Amino acid sequence: MRYTIVILSGLLLLGSSCSKMLDQPSKRALTEENMWQNKNDARAAVYGCYALIRAALMNENAHWVYGDLRGGDFRVTKRGDLQALVDNNLNASYATTDQWRDWRRFYAAIAQCNLAIEKLPEVPKRDYRYSNNDMELDRSQVRFLRSFLYYYIVRVWGDVPLISSPPNGTFTPTPRTNQQQVLDFAIQDALAAAYGLPWKYNGQSPEQQGDYQGQGEGHHTDISATRGMAYTLLAHLYAWKGDYANALQNTRAVIDNQGQTGYNFVSTADLTRLDGSFRGRGFSNIFQIDLNFDHAEYSTTGQLEDWTLRSPDIPKSESEIYIPKDSILSIYSESGDQRATLFFDQLNDAYPVFYKMKQVNSAVKNPTLRFYTSAIIIFRYEELYLLQAECKARLGMSDAVGDLNSIRTRRGLKTLPGNPTQEALLDAIFLERRRELIGEGWYWFDLIHFNKVSRYTQFTQADVNNGAAYWPVSKQALSTNSALVQNNFWK
C-alpha cells in the first residue's frame with residue numbers, strides 16, 4: 001500500500017524532540033476548509049494514519065528498542081546509546097535516547113486518527129462517490145489504529161494522556177490518565193472497529209463491497225485493518241488488563257474462524273527465508289506495518305537488520321548488536337529445536353549474526369547502500385496461539401498444554417506432558433514466547449506481563465513497583481505540558 005502522509009498542524013501539544021523543521025507549519029499543508037471535500041481527501045487521511053504509525057515505530061528502530069533491547073538478550077559491540085538501553089539507563093544523554101523517550105510521534109498518529117474519526121462522516125455529504133459504506137469502513141480502520149496506538153504506548157510509558165478529539169486551536173495542559181482507563185477506552189474503540197470491519201477485503205461482506213480502493217484482496221492482506229486484527233488486538237488489550245476470560249473469548253473469535261481469516265501456522269524455514277514472513281503478506285501474519293520494494297517503500301534505517309546484519313549480507317564489518325553463543329544455547333537448550341540454526345548464522349564467531357530477519361533487497365544496484373524492506377510484524381498466528389495458551393493456563397484449563405504443543409512440535413520440540421502445575425506451565429509459555437518471538441518486539445513487554453522483570457534484569461521488584469519497567473517521559477513533553485508528571489522511578 002502506498003501511504004500518503006497528511007500533514008497536520010497542532011500536533012505539538014504533548015512535547016517535541018524532532019528537528020526544528022517539524023515545528024514549522026507546512027506551506028504545502030491543506031487548509032481545514034479545503035480538506036475533507038471528496039473521496040480522495042478521505043482516503044489520504046486514512047493513509048496518513050497508517051503512515052504516521054509506521055514513522056513512529058521505525059524512528060531510530062523504536063519498535064525493537066521498546067520491545068527487545070532492554071531485556072538483555074542482545075549485547076552491544078560499540079554504540080554507547082545502545083549500551084545504555086541494555087543497561088536500562090534510560091536517562092542517558094544521547095540524541096537517540098531523547099527520541100525514544102519522546103512520545104510525540106505516537107501522539108501525532110493519534111491526532112490524525114482523532115481528526116479522521118470526526119471529519120470522515122462529513123465527506124459523503126460532499127462527494128456522492130464516497131458512500132456511507134466506504135466511510136464506515138474507513139472510520140472503522142481508523143478506530144482500530146487509534147486503539148492499537150493506545151495499547152502500544154501504555155505498554156511503553158504506563159499512564160499516558162488520553163486524548164480522543166482533534167486539536168481546537170488552543171492548548172489545555174493534559175495530565176496522564178491511569179492506564180486501566182486508557183485500556184478501557186482502547187477496548188471500546190477496538191469493539192466498534194470489529195463491528196465495522198470485514199474478515200477479508202474480498203467484496204463478499206456487507207462491511208466491504210466491491211474492490212476496496214480499486215484493489216483486490218491480496219493488496220490488503222495483513223496491512224488493512226480487518227475483523228481478525230480487531231479481535232486479536234482485543235485479546236491483547238484484555239490480557240494486559242489481566243482479564244483472561246475476555247482475552248480468551250477474543251483469541252477464540254480469531255482461531256475458531258480460520259475459514260474466514262485464512263490465518264495459519266508458518267514453518268520455521270518459511271518464517272526466516274529471504275522472501276518469507278518478514279517479506280510481508282504471509283498467511284501467518286495477522287497485522288504488519290508494511291514496506292514494499294515494488295512501491296519504492298524501503299529504508300536504510302528503521303529496521304532491525306541495520307543493527308544485526310554484517311558482511312557478507314551488507315557492507316559492514318561489524319554489527320551493532322548480537323546475541324552471544326552461550327545465550328543462544330541456553331535459550332534453545334532443548335534438542336531438536338530448529339530455530340537455533342535458522343534464527344542465527346556464524347554461531348561459532350565471537351559475534352553470531354541474528355539472521356531471523358534479512359530482507360535486504362537484491363534489486364538495489366549500489367553495493368555501498370543498505371536498503372531494507374522487512375515488514376514489522378505486529379501480530380502473527382503463532383503469537384496468538386501462545387496468548388491463548390496463556391489465557392487457558394491462567395484460567396486453569398487443561399487444554400492450555402495442547403495450544404503450547406501446537407507451537408513446540410512445529411519447531412521440532414517434543415510435546416510437554418499433560419499435567420504441569422500452573423506455575424510450570426506459565427513458565428513454559430513464557431520461555432516459548434521468548435524462543436519463538438525473539439527479535440520481534442515482544443520480550444520486554446512479556447517480562448512486564450509475566451512479572452519477571454526483577455528476575456531477568458538488575459531491577460528489584462520495588463523498582464518495578466515504582467515504575468522502572470516503563471520509560472521516562474521526555475523533558476520536552478514535561479516542559480510543554482505543565483499537567484504531566486514524571487514516572488516515579490525516573491525522577
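The paragraphs below lead through two helix packings, the cysteines and one residue of a late helix in this predicted model.

Two packed helices are described by the angle between their axes and the distance between the axes. A first place to apply this is the pair formed by helix α5, residues 104-119, and helix α6, whose axes lie 9 Å apart and meet at an angle of about 155°. Because angles over 145 degrees count as roughly antiparallel, α5 and α6 are roughly antiparallel to each other. The crossing of α5 with α6 is left-handed. On the α5 side the contact includes Phe 106, Tyr 107, Ile 110 and Cys 113, while on the α6 side Arg 143, Arg 146, Leu 149, Tyr 150 and Trp 157 are among the residues that take part. Sorted by class, the residues of this contact between α5 and α6 comprise 14 nonpolar, one polar and three charged.

Helix α6, which covers residues 132-157, also packs with helix α7, residues 179-196, at an angle of about 155° and with 8 Å between the axes. That angle makes α6 roughly antiparallel to α7, and the crossing of these two helices is left-handed. The residues of α6 in this contact include Leu 137, Arg 143, Phe 144, Arg 146, Tyr 150 and Val 154, and those of α7 include Val 182, Phe 185, Asp 189, Ala 193 and Gly 196. Here the contact of α6 with α7 has eleven nonpolar, five polar and three charged residues. Arg 143, Arg 146 and Tyr 150 of α6 are named in the contact with α5 and also in the contact with α7.

Cys 113, which belongs to the α5 side of the contact with α6, leads to the matter of sulfur bonds. How many disulfides does the structure hold? The structure holds zero disulfides. The cysteine sulfur closest to that of Cys 113 is in Cys 49, at 3.8 Å, which is too far for a bond, because a disulfide needs two cysteine sulfur atoms within 2.5 Å. Cys 113 counts as buried because its relative accessibility is 0%, and Cys 391, also at 0% relative accessibility, counts as buried as well.

Further along the chain, Val 464 is found in helix α21, residues 461-465. Is Val 464 buried or exposed? With a relative accessible area of 18%, Val 464 is buried. Beyond its neighbours within four places in sequence, Val 464 is in contact with Val 453, Ser 454 and Phe 459. Val 464 and Lys 452 stand twelve residues apart in sequence, and their C-alpha atoms are 9.8 Å apart in space.

How values were computed
Residues are numbered from 1 along each chain as its sequence is written. This is a predicted model: local features need pLDDT of at least 70, side-chain atom pairs count only at pLDDT 80 or more; totals for chains, interfaces and linings use all residues. Side-chain values use heavy atoms; hydrogens and water are left out. Axes are lines fitted to C-alpha atoms, for helices over the stretch in contact, and angles run from 0 to 180 degrees between N-to-C directions. Helices (H or I, at least four residues) and strands (E, at least two) are DSSP runs, numbered from the N terminus. Angles under 35 degrees count as roughly parallel, over 145 as roughly antiparallel, 65 to 115 as roughly perpendicular and the rest as oblique. A crossing is left-handed if the near helix is turned anticlockwise from the far one by less than a right angle, and right-handed if clockwise. Contact means heavy atoms within 4.5 Å. Ala, Val, Leu, Ile, Met, Phe, Trp, Tyr, Cys and Pro count as nonpolar, Asp, Glu, Lys and Arg as charged, and the others, Gly among them, as polar. Buried means under 20% relative accessible area, exposed over 50%, partly exposed in between (1.4 Å probe, protein chains only).
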